[in-house]
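Me: I'd like a close look at one part of this model, starting from a single residue and working outwards. Please keep the cut-offs explicit.

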Amino acid sequence: MSTGTRVDVSNGALHRTTADVSHGAFHLDSTVPGAASRGLDAFRRGWETQLGGGFRLPAFSPATIGDFRVKGRAARLSDVTIADLHGASATRTVGAPRGDEDLVRMYVVRQGAWALDGPRDRDAHTVSAGQFLLRHFGHPSAFETAPHTTAKILFLPTAMLGPLLGNRTITGPVDSAEVRLLGAHANMVHETIADLSPAGVHAAHSTLIELAKAVAQSRFDDTEPLLAPSLARAAKDLADSHLADPELSPAMLARELRVSVRTLQRAFAAAGESVTTYIRDRRLEEARLALIAGPGRPSVSELAAHWQFADSSHFIRAFKKSYGQTPMEYARSTGPSRPTGPTGTGLTGLTRK
């Protein structure tokens, strides 16, 4: 079997390991001291070596070339490419690239702004923080990003998505159910790509296409088994951001992701998990970390209240079942007692009772 390489770009150096030609990946961090001046060269080398054709990198402005402070990763699955980028510096292309480009692109901007230009006025669009844009691009587009822009960009095959999109430019919030699922699946691809078998590459690619179609249609097939891992991952990401919320529950997660509670439970059950157990275990983990996080250790009653346990007794029983010790036994066993800090808000600086 022929192989390609996986490239890890750090401080301008390329680190390679073998990978199947149907997929590839590289990482880059030119935000470290001394790497900015050669960051674009390293990025271009990694992109062209690992990701090949499809989207051609444009020419950049001299200011961008001299100060390319970007941290990111990119992965390719057959004819799909996913790039996660955080630009500490601004970036700007020089003029509108020439030629044709038959690609569907999706921009998911979490921070900053990504401005797109094009050969026609209708192609100009700025994707602001908290928004996404999905469109078929028949021509390369010039672009400009603000400093500290964080975005996920997907390059998708026109054959599968072009007929669905037509001439439409689809925009909306990044926290829509469909975009949450697509983002969760894309993150799983980044985490597992080095270990994917040919069958795994095919399944991951098919799921990405189905989820991109779901974004275009503002709905997804919640009975599709391929989507169960993405649904579970999106629910976990959402739960992790609401762990201290008293409203957090399977019903709340299902409502935000626009599925039934039963569908959500089936997605977790496919991996031998349950939604309720995941929420409880994550809250216990955060409570455990708070016990050893530094001065001003919170009390048991404060932890129980903050992480939404019914009372201190319930919290202590759950903690001991998970970690084999009561919270205070665990705190004493992990290090010397810490001095009590002043009372504050949240869990930082709480006094021990």
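Reply: First a cut-off: buried means under 20% relative accessible area, exposed means over 50%, and partly exposed is anything in between, using a 1.4 Å probe and protein chains only. By that rule T81 is buried, because its relative accessible area is 10%.

Two housekeeping points. This is a predicted model, so local features need pLDDT of at least 70 and side-chain atom pairs count only at pLDDT 80 or more, while totals for chains, interfaces and linings use all residues. Residues are numbered from 1 along each chain as its sequence is written, and side-chain values use heavy atoms, with hydrogens and water left out.

Now the neighbourhood. T81 belongs to strand β5, where helices (H or I, at least four residues) and strands (E, at least two) are DSSP runs numbered from the N terminus. Leaving out residues up to four places away in sequence, T81 touches W47, L51, A75, R76, I153, L154 and F155; contact here means heavy atoms within 4.5 Å.

F155 is the contact to follow. F155 in β12 is the residue that T81 stands opposite. The two strands involved, β5 and β12, run antiparallel and are joined by 7 bridges; strands count as paired if DSSP finds at least two bridges between them. F155 in β12 is also the bridge partner of R105. That brings in β7, which pairs with β12 in the antiparallel sense over 8 bridges. So β12 has β5 as one partner and β7 as another. Burial fits that picture: 8 of the 9 residues of β12 are buried, so the strand is largely enclosed by the rest of the structure.

These strands also help to wall off some empty space. The structure holds 3 cavities of 30 Å³ or more, and the largest cavity has about 270 Å³ of space. On a 1 Å grid over the protein atoms alone, a cavity is a set of points where a 1.4 Å probe fits but cannot get out, and lining residues have an atom within 4 Å of a point. Points are joined across faces, edges and corners, and the volume is the space filled by probe spheres set on them. There are 20 lining residues in the largest cavity, and F43, L85, W114, F143 and I153 lie nearest its centre. I153 should look familiar, as it is among the residues that T81 touches. At least two lining residues come from each of α1 (36-50), β5 (80-87), β7 (103-111), β11 and β12 (149-157). With 4 residues, β5 gives the most. In chemical terms the lining splits into 14 nonpolar, 5 polar and 1 charged, with Ala, Val, Leu, Ile, Met, Phe, Trp, Tyr, Cys and Pro taken as nonpolar, Asp, Glu, Lys and Arg as charged, and the others, Gly among them, as polar.

One contributor to that lining, β11, has pairings of its own. It sits in an open sheet of 4 strands, in the order β6-β11-β8-β9, with antiparallel pairing. The edges of this sheet are β6 (91-92) and β9 (125-128), each of which pairs on one side only. Between β6 and β11 (residues 143-145) there are 2 bridges, and in one of these pairs T91 has T145 in β11 as its bridge partner.

Going on from β11 to β12 you cross a loop that contains H148. Most residues other than glycine have a negative phi. H148 is not a glycine, yet its phi is positive, at about 60 degrees. With a relative accessible area of 42%, H148 counts as partly exposed. R258 makes a good companion case: it lies in the loop between α7 and α8 and, though not a glycine, also has a positive phi of about 60 degrees. R258 is partly exposed as well, at 49% relative accessibility.

Zooming out, the whole protein comes to 12 helices and 13 strands. Of its 353 residues, 48% count as buried. For contacts between residues at least 6 apart in sequence, 70% join residues at least 24 apart. The pair T81 and F155, opposite each other across β5 and β12, is a handy place to start when you browse the model.

Conventions:
1 Å grid on protein atoms, 1.4 Å probe; cavity = no way out; pocket = protein on both sides within 12 Å on 5 of 7 lines; lining within 4 Å.
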